[in-house]
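Reader: Hello! I am new to this structure and would love a close look at one small part of it. Could you also show me how that part sits in the whole?

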Amino acid sequence: QLQLVESGGGLVQPGGSLRLSCVASGFISDTYTISWFRQAPGKEREGVSCMHASGRNTNYADSVKGRFTISRDNAQNTVYLQMNNLKPEDTAVYYCAVYASPVWPLSRCYIVRSNYWGQGTQVTVSS
């Protein structure tokens, strides 16, 4: 059973940066697909970014492209979401998720049903 724990959220001013971490307790195969989602109050959950666990491919939602970067540290069994130039509309609870298979094309990562989810971490962007 894979368990995911997110951290790194907080309150930041517009234009600021945060780095979210998702620590996995358990094995993540390079064939898996790892995703970040977010859910703002009163809104549906939306996909933010995803990657093949091998690290060879990444995908970003248009709303975060050029500002967010997903990465993985195999030695730490951790996935990161570096978020720069944050905007108030980025305010949400952010979740990491793992789908225990590769997704092709990778852009479908936001619609497959992930097998494992973290508990979420709150990001608030406000002045």
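Author: Happy to help; the whole comes first, then one sheet, then a single residue.

A word on the ground rules: this is a predicted model, in which local features need pLDDT of at least 70 and side-chain atom pairs count only at pLDDT 80 or more, while totals for chains, interfaces and linings use all residues. Residues are numbered from 1 along each chain as its sequence is written, and side-chain values use heavy atoms, with hydrogens and water left out.

The protein has 11 strands and 0 helices (both are DSSP runs numbered from the N terminus, a helice being H or I with at least four residues and a strand E with at least two). Its C-alpha trace spans about 40 × 25 × 25 Å along the principal axes. The radius of gyration is 13 Å, which agrees with the value near 14 Å for a compact globule of 127 residues (it is taken over C-alpha atoms, and the globule rule is 2.2 Å times the number of residues to the power 0.38). Of the 127 residues, 46% count as buried, where buried means under 20% relative accessible area with a 1.4 Å probe, protein chains only.

Now for the sheet. It is open, with 4 strands in the order β1-β3-β8-β7 and antiparallel pairing (two strands pair if DSSP finds at least two bridges between them). At the edges lie β1 (3-7) and β7 (68-73), each pairing on one side only. Between β7 and β8 (residues 78-83) there are 6 bridges, and these two strands run antiparallel. One residue to look for in this pairing is S71, whose bridge partner in β8 is Y80.

Finally, let us zoom in on T121, which is found in strand β11 (residues 121-125). T121 is buried, because its relative accessible area is 11%. Leaving aside neighbours within four places in sequence, T121 is in contact with E6, S7, G8, G9, L20, A92, V93 and Y94, contact meaning heavy atoms within 4.5 Å. With G9 there is also a reach from side chain to backbone: the side chain of T121 comes to 3.1 Å from the backbone nitrogen of G9. Y95 is 26 residues away from T121 along the chain, yet their C-alpha atoms are separated by 6.7 Å. Across the whole protein, residues 24 or more positions apart account for 61% of the contacts with a separation of 6 or more.

Methods
Buried < 20%, exposed > 50% of the residue type's maximum accessible area, 1.4 Å probe, protein only. Polar contact = N/O pair within 3.5 Å; in protein donor to acceptor, adjacent residues only side chain to side chain.
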